[in-house]
Amino acid sequence: VLCQIFNRLDLNSVKNASLTCRRWHNIVFFSEYVDRFRLRIDSLYRPWLHFEREEGLGERVCQQLRHSVAHSERCYRHLRVIIGDDGMRGFQSVWDSLVANVFTNVLSLEVRIQEDATTSAVDAVIVTVSRMPKLRSLSLVDCADLHFDEERFPPTVRSKSVQHLKMHTNYRIWVDMPKLVSFDGPLCVLYPPYKSPLVLPKLQSVTLRENDDSFFGPPVMTRLMHVEVLRLKYRVKDWLFMGICGECSALKELYLDSGLFLSDAGNMKHLSKLVHLRRFTLMSIDTKRDVPFDFDLSKLTQLKQLNLPFTVLGPASLVSLPKTLRVLSLRIDNSNEESIIQYITANCLKLTKLRLVYGDLTRGQPSSGTLKALQLLTNLEVLVFVKASLAESFMVGSEAPMYRLRKLRFQNCRVDWNQFGGLQQMCPSLTLLEFPGCNLTLYMQELAEHYRRMRCKDVKSVSASWHEPDDW
């Protein structure tokens, strides 16, 4: 009962409640309830800055901190340590106190290195991780721009319990973590150290944020063999793209958030090797000398979601999409609109969500036959127009109602309608109408508010099995 009461309080109120009696204190800090708290040790926190700084005050603060850690009976499971230059003098002694009294029960550890901290802080973390038997999550964020000494062999972080690893650092590190499930950091961290297994059988989710060509090769790609979700935050080139397509056969989701550059347009065909792919995002694609490429995904028979917001596709004769698609987002311009729309309405009849992006900087004018062609998608539930210039005549060409359409969104569009004639007749099931980034007339605001109230009343229309991103 007390836990249910504590759940309704904010963290400060819970901490105050823990001072009431020993029983409440034990419930808060000696049970599973302590997972709500994170112990934060911040060497950059200086309450004395408002006063004249005294000689040796930083050392007295570290001494008090060591005393508090050494005599605390609380079993914290989540720890965050922020290390700065001012805290380096007493850092090792404070860290040793944490190792002796806190780290045994810690499940997650986050270390942030700020300002001009030395590499000894990273070395202390590396040595300690292997002595934390319950550690499940490790995060090392380097804001001090530390760089690895190339004359020294890269240190290895070893742990038999860590499942989630985040490494945002220029300090070159290798890892030996056989139970690793997710990784977020530079590619070089995944290079297998000496006498370490090549394959990470439990690694399923990887986010790569920095590129390092010198560490790419078969050893790294072997470690990605069982990955199911791969997200790359930097521009991908041929060698890495072909390596992913050749080695990561278990991939179900691939996100190229910064685009793809192909020196040979024919390398796009390697994507057909990822036969288990279900979600694919390609922000943009560039080829050497802007050579046209065949965008053939017909062999990806399990693909459900395809996101191409800034990828310029050629005519429909160079495009082949699987008929299993449920969610599609792609760029439209004057050169390919008619052929692409015709191809979609003829071959992607299972679509439930469609987003059309009209160019990058200028708002394109959809052709008069676009909406009429989209009515052939009888399963369509969500329709989004981005950066489009829509005139009143856009709604005139509609004939057959779109019975299943429940959401209509116009994002950063130029909308000049004074009224939506026949909107309810064309979309009888519509429950949500949105105009983000548009200059709305008073009537359009009232109309959007009307559909918003309808959506609030219909609880079933709000829930969906697929999690919609913000721009849907």
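In the predicted model, Lys 353 is located in strand S19, which spans residues 353-358. With a relative accessibility of 6%, Lys 353 falls below the 20% cut-off and therefore counts as buried. Its C-alpha atom lies 8.2 Å from that of Val 384, although the two residues are separated by 31 positions in sequence.

Aromatic contacts were examined next. The structure contains three aromatic pairs. A pair of this kind is described by the distance between the ring centres and the angle between the planes. For Trp 174 and Tyr 191, the ring centres are 5.3 Å apart and the planes meet at 35°, so the pair is classed as tilted. This contact joins distant parts of the chain, with Trp 174 in strand S7 (residues 174-176) and Tyr 191 in the loop between strand S8 (182-185) and strand S9 (205-208), a separation of 17 residues. The two partners also differ in burial class: Trp 174 is buried, at 7% relative accessibility, whereas Tyr 191, with a relative accessible area of 27%, is partly exposed.

Another of the aromatic pairs is formed by Phe 385 and Phe 410, and it is stacked, with 5.8 Å from centre to centre and 10° between the planes. Phe 385 belongs to strand S20 (residues 382-386) and Phe 410 to strand S22 (residues 407-411), so the pair ties together parts of the chain that are 25 residues apart in sequence. Phe 385 and Phe 410 are both buried. Through ring pairs, Phe 385 and Phe 410 also form a cluster with Phe 435.

Strand pairing was followed from strand S2, which covers residues 78-83. Of the six residues of S2, five are buried, so the strand is largely enclosed by the rest of the structure. S2 pairs with strand S1 (residues 39-42) in the parallel sense, over four bridges. Within this pairing, Arg 80 in S2 is the bridge partner of Arg 40. S2 also pairs with strand S3 (residues 108-113), again in the parallel sense, here over six bridges. Ile 83 has Ile 113 in S3 as its bridge partner.

Internal space was searched for across the whole structure, and two cavities of 30 Å³ or more were found. The second largest cavity encloses about 40 Å³ of space. Its lining consists of Val 125, Ile 126, Val 129, Leu 138, Leu 140, Val 157 and Met 167. Helix H6 (120-129) and strand S4 (137-142) are the elements that contribute two or more residues to this lining. H6 makes the greatest contribution, with three residues. By class, the lining of the second largest cavity comprises seven nonpolar residues, with no polar and no charged ones.

At the start of the chain, an unreviewed UniProt entry lists residues 1-29 as "domain: F-box". In the model, this span is 69% helix and 0% strand. The C-alpha atoms at the two ends of residues 1-29 are 16 Å apart.

Technical notes
Residues numbered from 1 in each chain as written. Predicted model: local features only at pLDDT ≥ 70, side-chain atom pairs only at ≥ 80, totals over all residues. Heavy atoms only, no water. UniProt positions renumbered as here; feature names shortened; annotations may be inferred. Buried < 20%, exposed > 50% of the residue type's maximum accessible area, 1.4 Å probe, protein only. Pairing = 2+ DSSP bridges. 1 Å grid on protein atoms, 1.4 Å probe; cavity = no way out; pocket = protein on both sides within 12 Å on 5 of 7 lines; lining within 4 Å. Points joined across faces, edges and corners; volume = space filled by probe spheres on them. Nonpolar A, V, L, I, M, F, W, Y, C, P; charged D, E, K, R; others polar. Phe/Tyr/Trp six-rings, centres within 6.5 Å; stacked < 30°, edge-to-face > 60°.
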